[in-house]
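Open the model in your viewer and keep the sequence panel at hand. The stops below say what to select and what is there.

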Amino acid sequence: MLLPQTHGHSTSPFEPACLTPGPPCARLSAHPASTAHPPPPTDGIFHSRLGGGERPRAKPADGTFHRGGEGGRAARGRRAVGRARPPQRPSPPRGRGFRAPSSNEEQPLSPPSLCVAAMTQSVLVQVGQCGNQVGCRFWDLALREHAAVNKKGIYDEALSSFFRNVDTRSGEDGRDISKGKICSLKARALLIDMEEGVVNEILQGPLRDVFDSRQLITDVSGSGNNWAVGHKLYGCQYQENIVEKLRKTAEHCDCLQCFFIIHSMGGGTGSGLGTFVLNLLEDEFPEVYRFVTSVYPSGEDDVITSPYNSVLAMKELNEHADCVLPIENESLFDIVNKIHQMVNSGKLGSIVKQNSLVTSSAGSTKTVQEKPFDAMNNIIANLLLNLTSSARFEGSLNMDLNEISMNLVPFPRLHYLVSSLTPLYTLTDVNVPSRRLDQMFSDAFSRDHQLIQADPKHSLYLACALLVRGNVQVSDLRRNIERLKPSLHFVSWNQEGWKTGLCSVPPVGHSHSLLALANNTCVKPTFMELKERFMKLYKKKAHLHHYLHIDGMEQSCFSEAISSLSDLIEEYNELDATKGPGTGCPRSCLY
Amino acid sequence: MSIVTVQLGQCGNQIGHEVFNAICSDVHGTHGLCSKKENESYHEASKERFFSEEKSGVPVARAVLVDMEPKVISQTLSIAARSGCWKYDDRSHFCQKQGSGNNWANGYSVHGPKHKDRIMNLVRKEAEKCDRLSGFFTIMSMAGGTGSGLGAFVTQCLKDAFPASFILNHVIWPYGTGEVIVQNYNSVLTLSHLYRSSDALLVHENDVIHKICAQLMNIKQISFRDVNQVIAHQLGSVFQPIYTGAGPLHYSRSPLGDLMETLVPHPEFKMLGLRNIPQMPENSLAYSTFSWPGLIKHLRQMLIANATMEEGIDWQVRPPRPGSSIPSKHSTSKSLHFNTSIANLVLLRGKDMHSADLGSFQDPALYTSWLNPQDAFNLWKTPRAFNKYEKSAALVSNSQFLLKPLDNLVGKAWNMFASKAYIHQYTKFGIEEEDFLDSFTALEQVISSYTTL
């Protein structure tokens with residue numbers, strides 16, 4: 001008896017893989033499956049087909065209407081900018097956005113329904129123990145969020161940005177279903193670890209059905225907290241495998257916009273292999289954005305070589321990432337404690353909405369025993385959810401992912417964004433007074449809500465983005481920006497460096513929320529401390545031999561890495577030096 | 001004659017939708033407090049202008065919707081369809097999957113050339129539906145990537161493909177702060193490019209409209225929808241049918257052509273500002289009465305004092321006395337605030353508009369010396385009341401209205417440019433420093449032209 005519509009006994013359509021025949025663990029035996037795939041498509045297909053380098057330009061005719069001589073300021077301005085070098089030929093436009101070969105580009109006119117189904121997708125690449133644990137929390141909370149919004153169990157465009165809808169009835173390699181009911185949701189993800197522990201745990205846990213064996217790359221021996229082992233040894237060994245699986249994942253996307261890498265900086269696999277994957281992504285998918293969530297080790301890290309690993313990884317992040325969201329364990333820990341105190345401090349405890357905690361998994365589709373780091377990792381998961389919310393859901397002021405780097409990265413290397421999430425929890429006495437809404441904005445700029453140990457208020461802002469979700473209007477945004485502006489220092493040439501987005505769907509358990517992303521010189525101390533700890537080891541050449549005996553690893557790697565970091569710090573120093581009144585350069589003085 | 005509206009980007013599509021809504025509700029929701037015959041011919045003319053007929057009887061907007069991401073367009077289409085009052089043509093839209101990311105260069109140099117043929121095809125189809133085409137009305141913001149970059153590109157294409165038609169660009173000036181960080185770059189590039197291919201730029205400043213929402217409309221929590229509705233109302237008050245010239249002849253003249261003829265006497269000056277009076281929440285309308293002399297007195301002072309709304313007008317500002325030297329170089333502090341015009345157009349709608357005396361607008365002191373005040377001022381009117389306002393007046397002005405915002409904007413963009421911030425994001429898509437400099441030069445020229453009026 002064949003009953004394909006087996007949704008019946010599932011409580012929620014967000015229970016993935018309810019159509020899978022056979023026990024789910026059966027697929028474990030298939031792992032690692034890497035040989036049976038069709039050959040990867042040829043390179044050319046992956047580059048989006050943009051029109052050539054042609055650039056229509058109409059120069060203003062010389063004899064245009066002139067009054068009072070040469071157009072004043074601009075003419076003089078030319079000198080001020082210092083155009084010593086000859087004007088360069090424009091480089092061919094480099095479009096972003098991976099387009100799968102099957103895209104319906106030539107289709108003449110898309111009816112509205114098609115228009116709806118078209119959206120961009122993102123792929124999560126989780127590397128190493130930390131990356132996979134955080135990733136695991138992300139997928140759990142992403143399912144929770146979509147389940148809360150999507151009550152009918154229809155596979156919609158919002159879901160499609162992180163999940164495939166797969167018909168698994170005919171086995172693992174089911175085809176994608178682009179419309180209709182949810183069959184089996186598969187995460188657009190690649191899980192990489194050089195030991196099996198964490199990944200196996202995921203595969204045996206409640207999330208096993210959102211991944212399949214072809215999304216995994218594991219080894220047994222680990223990277224021994226050695227960047228070189230991860231980056232050089234495993235990188236070399238697994239390169240083909242990784243590329244193939246990335247391509248496979250990308251093929252399932254209709255318009256791949258962004259890769260999110262989650263990794264830690266201190267260990268061997270996350271930092272070494274994670275940054276190796278970053279380089280691969282740049283080579284293979286130059287047009288797809290690369291956002292990296294990097295967990296930085298704390299000062300009392302128990303990994304002795306973590307400063308080496310972090311600094312070596314930093315060089316790669318400097319050169320190959322579009323945006324990096326640095327996160328420090330200490331900050332996550334402080335936030336978890338703060339919430340804990342709040343919940344347990346007697347009278348308030350009863351009125352905090354449990355599922356509104358930024359650390360909570362309550363209400364997730366997967367009722368799991370919480371593990372110790374889950375609370376901390378949930379914060380990062382929520383960061384990613386809020387970051388992508390405006391790309392997934394509608395709002396009155398959309399903020400696509402490609403707008404983030406466009407607005408927040410004024411210079412290519414200064415792409416480190418300090419993030420903060422507010423509110424950390426919601427009280428149950430609703431009827432939100434606007435004062436509490438304003439409190440949310442104030443908190444986002446306070447030291448103890450930042451996800452790294454930093455104080456943006458007393459440093460220099462290069463740019464700042466506010467991603468708001470829920471019932472917030474443009475007038476609330478404007479009021480709060482006006483209110484906060486006087487207490488913040490912005491770089492002289494970007495005094496109004498605010499970017500805002502309004503997404504109408506709030507996170508689970510909240511009526512509204514805010515993610516603030518700051519490109520701020522307050523990241524500098526974190527980097528300086530890292531440099532100091534690196535130098536302490538490096539001066540004595542401690543542990544160097546562990547690295548140098550790896551093929552392809554030379555001492556120059558270390559010196560280049562530390563000078564890359566020093567350069568970065570210097571760039572921040574230069575900007576900091578412009579801080580303070582009177583150092584700005586008004587237009588008039590340029591002429 | 002008909003106008004084809006081209007809605008570009010998130011902002012353009014949201015506003016376009018509200019404009020058609022406003023026009024539709026003016027035509028269907030009110031009887032215009034005039035004779036039945038009057039109302040019918042108004043109705044007819046408005047319909048020809050903005051809508052085409054379909055078999056089903058539901059008017060179809062003469063519009064092309066363009067965006068680089070799908071969300072806004074699909075939302076707009078479905079809301080319009082659900083209204084039942086009017087709708088968009090199901091096939092008259094174009095969207096892609098991934099937006100322009102606030103990058104003007106991406107919209108102009110990448111998306112533009114890539115999608116030119118398909119967008120222009122849609123426009124051509126829409127144009128062919130018109131018996132008599134007056135021209136194109138494009139709605140876009142200057143801040144983002146799609147509206148601004150692609151919008152500038154599409155405007156150029158329109159100019160090439162329809163050299164005989166008029167193009168009026170409606171441009172949304174971004175909030176001074178808080179929307180898009182690179183908005184000043186995008187704006188400089190947009191304005192300079194539009195200045196080459198557009199016939200006129202009709203500008204709405206978000207900050208101004210926001211203030212109107214707060215102070216005149218008494219809205220506590222202002223949403224983009226509120227802002228867009230005010231803009232739509234103002235646009236409707238200009239573009240709904242009206243009798244041009246001296247006598248009431250007929251409504252169906254070329255709306256864009258007449259506008260250009262009266263307001264843009266010289267290609268160097270094509271920045272138009274718009275002022276409306278009165279504006280108030282709908283539920284206060286019933287308790288208010290207006291007199292033409294009062295409205296006109298306010299409107300005139302709004303013009304010469306460059307006030308953006310009827311509240312908080314500086315009544316001290318006076319036109320420079322005719323005796324004082326004409327090139328007002330040694331201007332006193334008072335005439336410093338004085339807003340000199342090139343050309344003004346006042347549109348009166350409502351009861352007894354024939355009794356209104358517009359003599360105060362014909363004062364030569366209001367205008368630049370090189371234009372005859374008789375040519376510089378025009379009055380259009382109709383007894384048909386607009387959108388539930390018993391009497392209303394609109395002023396479209398080619399004057400120094402936008403001089404200060406423009407100077408500010410160019411200043412901020414220049415400040416950023418001098419430190420080379422964000423330039424790499426543009427060169428990535430083929431817009432070089434050279435292009436920026438060209439744009440700065442072009443706008444400095446506009447600033448200096450308007451300054452020396």
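This is a predicted model. Start in chain A and select Pro423(A), which sits in the loop between β10 (418-422) and α12 (434-443) of chain A. Look at the bond on its N-terminal side: the peptide bond joining Thr422(A) and Pro423(A) is cis, with omega at about -15°.

**A second cis bond, in chain B**

Now select Ile277(B) and Pro278(B). The peptide bond from Ile277(B) to Pro278(B) is also cis, and its omega is near -5°. Pro278(B) belongs to the loop between β9 (271-277) and α10 (282-285) of chain B.

**Confidence and the whole of chain A**

Colour the model by pLDDT. For the complex, the predictor gives an ipTM of 0.86 and a pTM of 0.84. Chain A has a mean pLDDT of 79, with 73% of its residues at 70 or more. Select residues 1-11 of chain A: pLDDT stays under 50 there, and the model has nine contacts for this stretch beyond four places in sequence. Then select residues 16-117 of chain A, where pLDDT again stays under 50. For that stretch the model has 196 contacts beyond four places in sequence.

**Lys499(A)**

Select Lys499(A), in strand β13 (residues 498-503) of chain A. Is Lys499(A) buried or exposed? Its relative accessible area is 2%, so Lys499(A) is buried, the cut-off being under 20%. Show the residues around it. From chain A, Lys499(A) touches Met399(A), Glu403(A), Asn407(A), Cys464(A), Ala465(A) and Leu466(A), leaving out residues up to four places away in sequence. From chain B, Lys499(A) touches Asn102(B), Gly178(B), Glu179(B), Val180(B) and Ile181(B). With Asn102(B) there is a polar contact between side chains, at 2.8 Å.

**Ser487(A)**

Next, select Ser487(A), in the loop between α13 (474-484) and β12 (489-490) of chain A. Ser487(A) has a relative accessibility of 34% and so counts as partly exposed. A polar atom of its side chain lies 2.8 Å from the backbone oxygen of Leu484(A). Add Lys457(A) to the selection: it is 30 residues from Ser487(A) along the chain, yet their C-alpha atoms are separated by 7.1 Å.

**Chain B as a whole**

Hide chain A and look at chain B, which has 16 helices and twelve strands. Its radius of gyration is 21 Å, close to the 22 Å that the globule rule gives for 453 residues, so chain B is as compact as a globular protein of that length. Along the principal axes, the C-alpha atoms of chain B fill a box of roughly 60 × 60 × 45 Å. Of the 453 residues in chain B, 68% are buried. Among contacts in chain B between residues at least 6 apart in sequence, 81% join residues at least 24 apart.

Chain B averages a pLDDT of 90, and 96% of its residues score at least 70. One stretch to select here is residues 325-335 of chain B, where pLDDT is below 50 and the model has three contacts beyond near neighbours in sequence.

**Two helices of chain B**

Select helix α3 (residues 70-83) of chain B. Its 14 residues reach 20 Å from the first C-alpha to the last, close to the 20 Å expected at 1.5 Å a residue. The buried residues in α3(B) include Val72(B), Ile73(B), Leu77(B) and Ala80(B). After α3(B) comes Gly84(B), with a positive phi near 80°.

Move to helix α5 (residues 146-161) of chain B, which has a kink of about 25° centred on Ala152(B). Of the 16 residues of α5(B), 13 are buried, so this helix is largely enclosed by the rest of the structure.

**Three single residues in chain B**

Select His93(B), in strand β5 (residues 93-95) of chain B. His93(B) is buried, with a relative accessible area of 2%, and its side chain reaches the backbone oxygen of Asp90(B) at 3.2 Å.

Then select Asn218(B), in the loop between α7 (206-215) and α8 (224-239) of chain B. Asn218(B) is not a glycine, but its phi is positive, about 55°.

End at Asn306(B), in the loop between α11 (292-304) and α12 (333-336) of chain B. Asn306(B) has a positive phi too, near 50°. Its relative accessibility is 27%, so Asn306(B) counts as partly exposed.

Methods
Residues are numbered from 1 along each chain as its sequence is written. Chains are lettered from A and ligands numbered from 1 in the order in which they are written. Side-chain values use heavy atoms; hydrogens and water are left out. Helices (H or I, at least four residues) and strands (E, at least two) are DSSP runs, numbered from the N terminus. Buried means under 20% relative accessible area, exposed over 50%, partly exposed in between (1.4 Å probe, protein chains only). A polar contact is a pair of N or O atoms within 3.5 Å; within protein, one must be able to donate a hydrogen and the other to accept it, and residues adjacent in sequence count only if both atoms are side-chain atoms. Contact means heavy atoms within 4.5 Å. pLDDT is the predictor's confidence in each residue, from 0 to 100. The bend at a residue is the angle between axes fitted to the seven residues ending there and the seven starting there. The expected span of a helix is 1.5 Å times one less than its number of residues. The radius of gyration is taken over C-alpha atoms; the globule rule is 2.2 Å times the number of residues to the power 0.38.
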